Structures are given as C-alpha cells and as structure tokens.
Amino acid sequence: MNAQLTPTPATGDLDAFWMPFTANRQFKANPRMLARAEGMYYWTVDGREILDGVAGLWCVNAGHGRREITDAVSKQLATMEFAPAFQMGHPIAFELANRLAKVAPPGLDRIFFTNSGSESVDTALKIAIAYHRARGAGQRIRFIGREKGYHGVGFGGMSVGGIVNNRKFFAASMVPGVDHLPHTLDIEHNSFSRGLPQWGAHLADELERLIALHDASTIAAVIVEPISGSAGVILPPIGYLKRLREICDKHDILLIFDEVITGFGRIGKPFASQAFDVTPDLMTTAKGLTNGAIPMGAVFAHRKVYDAFMQGPDNAIELFHGYTYSAHPAACAAALATLDVYVREGLLTRAASLAPEWENAVHSLRGLPHVQDVRNYGLIGAVELEPRAGKAGTRGFEVFLKCFERGVMVRQTGDTIALSPPLIIESKQIARIIETLGAVIREVA
Ligand SMILES: Cc1ncc(COP(=O)(O)O)c(C=O)c1O
C-alpha cells in the first residue's frame, strides 16, 4: 500500500503542535510522519514501509491494525460512548477488572483504572500513602525510588523517578520525602550479559541503608521498574528483586512494581513479576493493556491493600481519587478485545519462546564499532554505544535516524538503542532489524 494517505502539512503548518519529548525544531525541519500501520509495519505519509522494532512506544504488543480491537471500540462507541465511573458503573468495566485479575500475579486482584502510565504511578503512590493511613500509620509518607528510574511525568512519578533531564527543571516542585536507590546498570561488571546480569544483587541492600537513615516508620513504599526501558534498558541482577521484596516485608513497606513496559507479555509471562517470581503489593500498567489503541492504565492492588480501605461507614468514599475517564467504556472495550487477542494467540508467553533467538540476534552486534554493551531479556534488547567526546547522544540519534531512513524503527535514549518489537514478530523480521541496525552502526562514525 503506497498511496499517500495523509497529506504532509507544509512546513509552516507544523508549528502549532508542541511535540512531547521531541526536539521540536529539529523534527519540524525534517519531519518523520507516519500515516498507516498494520502487523509489524508502519507506512510513512509518502508510502515508505517501516518495520516497527519498538511496538510503537512499547505498547502495540499484538501488532498493528488489529480489527478485533477496532471493531470492539467502534461497537462500544456506538452503544455508549461514555459513562461516569464515580458512583455509577457499567458492566464491561467490571468484566475487564475480573479478566485482568485472572492473569494478574497472585493476590493482585483489585484493579483501579487510569488513562496512562503516569496516572497509574501517581495513583499507586497515593494508594500507598492512604493505605498506611487507613491502618493507623499516617506517618509513613516517604517513597524510595531509584536512580535512572522512569515513572512517567506526573509530579509523583517524576519525583520517584531518577532521570536527570526529567527532574532538573522542576527541582523546586518535587514531592518531598523521596530518596533513591542506586541504579543497577554496571557495564564494568556486567557487559554483554545474556539475560539477567550476575553481579549486583547486593545493590538491593542499599534499601536497608536508606531505611536506617529515615526509619522504616516513615516510609510508605519502594517503587522500581522490574526492567527499566526509558533510561536505556536496565536489568535487575539475579536475586535483586527478591532481596527488595524481603527487605520491604521485614519493614512493612509496600513494594510497587512499575510494569508499564514489562506488562502484557513483553518478557514471556503476562507480567515481569511472574517471570521473576516476586510479587509486589501494587503494580502499575498501561501501554500493552489496550495494545496502544486507546489510552488506558490500570493499577493492580493486592487484596490486602484494598481490604484495608473497606472499613468505616458504608456510605463513605474509601479513596478520594479517580479520573473522569477511569474505566472509559471505549478503553474497556479495547482492553477486553486486546486480552482476547493476547490469549487466543498465546502472546502473553510468546516472548519466552522467541527469547533465545532474539538473544543470539541482538548479541551478534557485539564487536561492532563503538558497541560497549548489549543487553537483553524476553523480547527486549539494547545496544549501548560509546558516546562521542563532548557530544553525548549524537551517535545514538544518528543511528536512530539512519535506521528509520532504511525502514526500521528503533528507539534511542542518549547513546542507547532500545528494541522492543511487537510480540508477533517472525524470524525474518528479527533478522531484518538486526541487519539494518548492524549496517548502520558500522557506518556511523
Ligand atoms: C515504566 C514506565 N512507567 C511509566 C511510564 C509513563 O507512561 P505514560 O507515558 O503512559 O504516562 C512509562 C512510559 O514509558 C514507563 O516506561
């Protein structure tokens, strides 16, 4: 399909859209416009085919253009486009919560709906504080996040996150009482690890140090991504997450896993928590929940957390929190249809069977010029390039651009190239992503 589907706006027409997380002037001088998508591919406005190496933005896990999802959404919009979820309900919201509870990690069967990963994170943080208060421990107000963590762009998520550029402009407005664990990226010890790195479980013990500093009685929750994507794919060392769980249990601190990118099959189980056999108390999700078709997020809460709120008079609202679009009917329809596709096609576990081939493919880039590290887990891969002296990020950006010119979409963070293709990927497409990326890395000085 090469037809020009959407006219490219004249250059002057690009001004009004203030683009998120984008170098606006650079982009608008040389735009990359997508017009259509199906299966593993996008097509640009001028009809070029682009192989999607990142599932859009880590969300289109079942591949693009799924009719089942589109049909479910249009049917729902035609039936009832909106229904309030405050003091009202509509059946598919309950159906969706029940369906999600069935694939959730053990005990995490109470679901709060949001519209994005950022909202899921802020919701989980608020639930954590309110949970302790409901149990008579209202002094537990601190959070422990992690360096290089990404938890979205709300004030809560930004404060527990640890990405400098996302924080430095807003330093004066951070949520107070937040401390950070060290990140677990250590190329010196773990370079070119296949799967989880061996070295670094002891980094979890830093939590004991922070607890000793602040006292456990002041700490509400620890929040980490089981695998972080936005800071450039950082993996948990073997044993690290279990250790965090043990320390949290010891001190009655809630553990929150931010599974916005690892949720819905990315690493070969429905959730990373199941893949790593560590169950948090709260789990934040979004992205793959609706295959990216309609914005939606969900916080999975352990039943013990929910139950702690279910006290006092029956007519009392237990949690003063929610969004106009929580459990939006079109989003619920999209999520139900998405789950059907995931289950029918075995996509919640397919990454596990593809992982060995994927690992070999990604690690074949070892030894190319400037490649400092290659990391992988499930259907996630990352190639870390040596930064140019005084020009960090420029090599990575050039690689991203050249891949796009050659018909492969990758994601760049600084000098790290991240890969997270739709879970429907086939061997020939894995090969094409790696060949293209390899050729470009060889070329970019
Ligand atoms: C781990 C994690 N948490 C939260 C978010 C924020 O999600 P959203 O952009 O939907 O607000 C992201 C987005 O990439 C993420 O990777």
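**Cavities, a pocket and a patch**

Tutor: Let's start with an enclosed space in this predicted model: Arg146, Glu147, Lys148, Gly149, His183, Thr184, Glu225, Ser228 and Ile234 make up the lining of the second largest cavity.

Student: How many of the residues lining the second largest cavity are nonpolar, and how many polar or charged?

Tutor: Take the lining by name: Arg146, Glu147, Lys148 and Glu225 are among the residues there, and Arg, Glu and Lys count as charged. Gly counts as polar, and Gly149 is one of the lining residues too. The split comes out at one nonpolar, four polar and four charged.

Student: What volume does that second largest cavity hold?

Tutor: The whole structure was searched, and three cavities of 30 Å³ or more turned up. For the second largest cavity, the space is about 40 Å³.

Student: OK, now the largest cavity. Which element gives the most residues to its lining?

Tutor: This cavity has a volume of about 90 Å³, and its lining includes Ile187, Asn190, Asp373, Val374 and Arg375. Two elements give two or more residues to that lining, namely α8 (187-190) and β11 (371-377). The top contributor, with three residues, is β11.

Student: And how do the residues of that lining divide by class?

Tutor: Leu185, Pro197 and Leu235 are among the lining residues, and Leu and Pro count as nonpolar. Asp186 lines the cavity as well, and Asp falls in the charged class. The full division is five nonpolar, four polar and three charged.

Student: Let's move to open space. Which element gives the most to the lining of the second largest pocket?

Tutor: That pocket has a volume of about 1,100 Å³. Of its 31 lining residues, Ala85, Ile111, Phe112, Tyr306 and Glu318 are the closest to the centre. Elements giving two or more residues are α4 (91-103), β4 (110-114), β10 (297-301) and α12 (303-309). With five residues, the biggest share comes from α4.

Student: How many residues in the lining of the second largest pocket are nonpolar?

Tutor: Among the residues closest to the centre, we've met Ala85, Ile111, Phe112 and Tyr306, and Ala, Ile, Phe and Tyr count as nonpolar. Over the whole lining, there are seven polar and three charged residues, and the nonpolar ones number 21.

Student: Last one, out on the surface. Why does phenylalanine 155 count as partly exposed?

Tutor: Phenylalanine 155 sits in helix α6 (residues 155-160) and joins Phe169 and Phe170 in a nonpolar surface patch of about 360 Å². Partly exposed covers the range between the under 20% of buried and the over 50% of exposed. Phenylalanine 155 falls in that class because its relative accessibility is 48%.

How values were computed:
Residues numbered from 1 in each chain as written. Predicted model: local features only at pLDDT ≥ 70, side-chain atom pairs only at ≥ 80, totals over all residues. Heavy atoms only, no water. 1 Å grid on protein atoms, 1.4 Å probe; cavity = no way out; pocket = protein on both sides within 12 Å on 5 of 7 lines; lining within 4 Å. Points joined across faces, edges and corners; volume = space filled by probe spheres on them. Helix = DSSP H or I, 4+ residues; strand = E, 2+ residues; numbered from the N terminus. Patch = residues over 30% accessible without salt bridge, like charges linked within 9 Å, V, L, I, M, F, W, Y side chains within 5 Å. Areas by Shrake-Rupley, 256 points an atom, 1.4 Å probe, with all protein chains shown as cover. Salt bridge = Lys/Arg side-chain N within 4 Å of Asp/Glu carboxyl O. Buried < 20%, exposed > 50% of the residue type's maximum accessible area, 1.4 Å probe, protein only.
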